[in-house]
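User: Please walk me through how the strands and cores of this model fit together. Short answers will do.

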Amino acid sequence: MEQAAQRIHTKTINPSILYYGTPVVLLTTLNEDETVNISPISSSWALGDCLVLGLGLGGKAIENIERHPECVLNIPSPSLWENVERLAPLTGKQPVPEGKKQLGFTYKKDKYGSSGLTPAPSEGVKPTRILECPLQIEATVKHIRIPAHSPDFAIVETQAVHVHAHKEIVLGENHIDPSKWSPLIYNFRHYFGLGEQLAKTYRAEIIVHLFFQQNERRSQQCKVLQLPM
């Protein structure tokens, strides 16, 4: 510990943002005329089937989910960063809110056309999925809360109802292969992909073990029943 204290030096800073590196989400929500809005967001986390989003107030996304509590979290890969960036200066709000107008935002209703992305029908919610995104999570909105200490954004709790994944990143039946999947990361307002794998956690070892156990069990059943594998 003493060696670390001598080697590592810190500095107290006051950054204007704390986007310390989270996946980009293209959030699709339903407009009042049942067209679909796409909002790029970078504040989200997941635990079980609960996905929590941070949404700025005054935008189209929060307006839409307050009226129609469904959405799709579309997770782009690094190769889609240009499509994401095409959406960055656009808003689905008309008229453009004054704060966004000062930042150079312009109104655009057809976000799919502007981004060059493709809609796909969802299974359990009305907002469409984005076909090019390797992960697409349909969700229902369960709770919206505006924190008293920071009244400019909403904390939105959602529950996943259907998960779609490109076949090439799926391992077995229900697992994502982390060696084949890399989300687009928003790192202090810069786009990054993931680097090389460093290691895997204890729980990843358990999942892999269970996966091979299930495959071995199925193989034995097929041999007994003389079924094709």
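User: Which residues does Val156 touch, not counting residues up to four places away in sequence?

Analyst: This is a predicted model, where local features need pLDDT of at least 70, side-chain atom pairs count only at pLDDT 80 or more, and totals for chains, interfaces and linings use all residues. Residues are numbered from 1 along each chain as its sequence is written, and side-chain values use heavy atoms, with hydrogens and water left out. Contact means heavy atoms within 4.5 Å. On that basis, Val156 touches Leu51, Val52, Leu53, Leu55, Ile62, Ile65, Val141, His143 and Ile144.

User: Which element gives the largest share of the largest nonpolar core?

Analyst: A nonpolar core is a set of buried Ala, Val, Leu, Ile, Met, Phe, Trp, Tyr and Cys residues joined through side-chain atoms within 4.5 Å. Buried means under 20% relative accessible area (1.4 Å probe, protein chains only), exposed over 50%, partly exposed in between. The largest core has 21 residues, and Val156 is among those with the most contacts inside it. Its largest share, four residues, comes from E11.

User: Why is strand E6 largely enclosed by the rest of the structure?

Analyst: Strands (E, at least two residues) and helices (H or I, at least four) are DSSP runs, numbered from the N terminus. Glu70, Val72 and Asn74 are buried on one side of E6, and Cys71, Leu73 and Ile75 on the other. E6 is largely enclosed because of its buried residues: six of the six.

User: Which residue in E11 stands opposite Val72?

Analyst: Two strands pair if DSSP finds at least two bridges between them. Six bridges join E6 to E11, and the two run antiparallel. Opposite Val72 stands Glu138.
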